[in-house]
Amino acid sequence: MRIAGGCQLKGEIEISGAKNLALPAVVATILTEEPVTLRNVPNLADVKSLLELLDCFGTEINYKDTHTITLSTRNIKSTLAPYDFVRKMRASILSLGALIARYKKATVSLPGGCAIGARGVDLHIKALEALGAHIDIKNGYIEAEAPKGLVGCDITFPMTTVTGTENILMAAVLAKGITRLINAAMEPEVEAFCELLNKMGARITGAGTSVITIEGVDSLHGTEYKIIPDRIEAGTYAIATAITNGKVLLKNCEYEHLASFFETLNLVGISCEQKENGVLISCNAEEIHPVSIQTAPYPGFPTDLQAQYTVLMSLANGGSSITENIFENRFMHIPELARMGADITIHGKTAIVNGVKKLAGAQVMATDLRASVSLVIAGLVAEGETVVNRLYHLDRGYENLEEKLNNCGANVERFEV
Ligand code: EPZ
């Protein structure tokens, strides 16, 4: 992707449906034989990969339009999630809970490592065993079965896990009796996911808090559900707007889903104004004030916005520290930013950023989804041209990125080498 520097973003950006809700929502359709229609599904590579896995299981998939899909899993032809799928799409691990709940067995490949960290699934497995699943790890696969079905119980997560919470929610909705998830994830996507499951007939209370209670039911039914807007996409464009000293309305963005993030941006000197159809972002300070942050589970600073925020701080008027508490290797954007003139040193989990006056365009390499978009943001504001390679990382999580940016005055184009 070639990005001309020195632009100022002005206009409107329509925020797409949330990737990290669309993924569990697609898998949850396995829990019923009736059709489930999902609306506002983002058109992303990750969603397409997961739909291919469901097709493998035997789910019928009908696209009403690019963003509206009806899925029906009337009868299953396989409960195997092969390594080839899972290594490309970690969220395939979510099929474990759903397959055991509905079909009492599942064989799912261990996801293996990921660029940003080990990302184990040990907490998913321990929780499923607590519900009564027999699990063997053999030749890189998780072989799970629960011939008599699962039985609800209290489960405390030693650390909050988003997909761990979602996996166990799907296992528990059809279990016998009551399950209480303690130290459950509180992300808006998890709260919305519980709404979807309840619309399908589940009995879940406490969604959005750290204790979620699920009363098992015999079966779930079909429904129709609209995916909430993607708060990480919205936060990404908020930073892109701020760093180019622009003014953009993030259409459909839910202010509440990013409240603590917007408060941080306010301290930086960025105005984030709630409107009836979104959030208006503009810079109301001559300079970018340095504000240190630590990433944390919701409602703390989102780890998925850390790389983007690091770029903003690289041009701040002073020094700041950025601590990544969730993943052990999520600073891969920093060496690339250094090639553009950023002055950042890494000390374990903390990056010390000394703001510089400007960044210079360069050839840079994308390494993971959020690091790659942080390089695009840097390119928008750098002097000269920036070329970002390995765009497949971007396509996993950002729908129509060039179009959305160019509609606001950027000059971004994709080309093949
Ligand atoms: C979800 O990943 C998101 N993905 C991630 O978004 C997001 O960064 C992450 O939550 C944290 O908010 C989806 O929802 C599809 P975790 P997840 O389980 O569920 C460790 C993006 O850019 N852990 O909350 O995999 C884990 O290694 C992606 O959109 C275990 O050790 O994250 C990590 O260090 C990236 N064992 C920490 O917990 C387990 O069994 C939090 O992971 C589970 C997790």
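# Questions on a predicted model with a ligand

The shell around the ligand in this predicted model holds eight nonpolar, seven polar and six charged residues.

User: How many residues surround the ligand, and which are the closest?

Analyst: A residue counts here if one of its heavy atoms lies within 4 Å of the ligand. By that cut-off, 21 residues surround the ligand. The closest are Leu123, Thr161, Thr163, Asp304 and Ile326.

User: How far is the polar backbone atom of Ile326 from an oxygen atom of the ligand?

Analyst: Polar contacts are pairs of N or O atoms within 3.5 Å. Lys19 offers a polar side-chain atom, 2.9 Å from an oxygen atom of the ligand. The side chain of Arg330 has an N or O atom 3.3 Å from a ligand oxygen. For the backbone atom of Ile326, the distance is 2.6 Å.

User: What share of the ligand's accessible area does the protein cover?

Analyst: On its own, the ligand has 830 Å² of accessible area. The part covered by the protein is 88%.

User: Which elements give two or more residues to the shell around the ligand, and which domains supply at least three each?

Analyst: The elements are helix 1 (19-28), helix 5 (122-130), helix 6 (162-172) and helix 12 (369-381). At least three shell residues come from each of two domains. These are domain 1 (2-16 + 229-413) and domain 2 (19-226).

User: Which strands are the edges of the open four-stranded sheet?

Analyst: The strand order is 6-7-9-8, with mixed pairing. An edge strand pairs on one side only. The edges are strand 6 (80-81) and strand 8 (134-138).

User: In strand 9, which residue is the bridge partner of Thr107?

Analyst: Strand 7 (residues 105-109) and strand 9 (residues 141-145) run antiparallel. Five bridges join them. In strand 9, Thr107 has as its bridge partner Glu143.

User: Why is Cys194 not bonded to Cys153, and how many disulfides does the structure hold?

Analyst: A disulfide needs two cysteine sulfur atoms within 2.5 Å. The closest cysteine sulfur to that of Cys194 is in Cys153, 17 Å away, so the gap is too far for a bond. The number of disulfides in the structure is zero.

User: Where is the proline of the cis peptide bond found?

Analyst: The cis bond joins Tyr298 and Pro299, with omega about 10 degrees. Pro299 is found in the loop between strand 18 (293-294) and helix 10 (306-314).

User: What is the phi of Lys104?

Analyst: Lys104 is found in the loop between helix 4 (95-103) and strand 7. Lys104 is not a glycine, yet its phi is positive, about 65 degrees.

Methods
Residues are numbered from 1 along each chain as its sequence is written. This is a predicted model: local features need pLDDT of at least 70, side-chain atom pairs count only at pLDDT 80 or more; totals for chains, interfaces and linings use all residues. Side-chain values use heavy atoms; hydrogens and water are left out. A polar contact is a pair of N or O atoms within 3.5 Å; within protein, one must be able to donate a hydrogen and the other to accept it, and residues adjacent in sequence count only if both atoms are side-chain atoms. Accessible areas come from the Shrake-Rupley method with a 1.4 Å probe; for residues, only the protein chains shown count as cover. Ala, Val, Leu, Ile, Met, Phe, Trp, Tyr, Cys and Pro count as nonpolar, Asp, Glu, Lys and Arg as charged, and the others, Gly among them, as polar. Domain bounds come from an automatic or database domain assignment. Two strands pair if DSSP finds at least two bridges between them.
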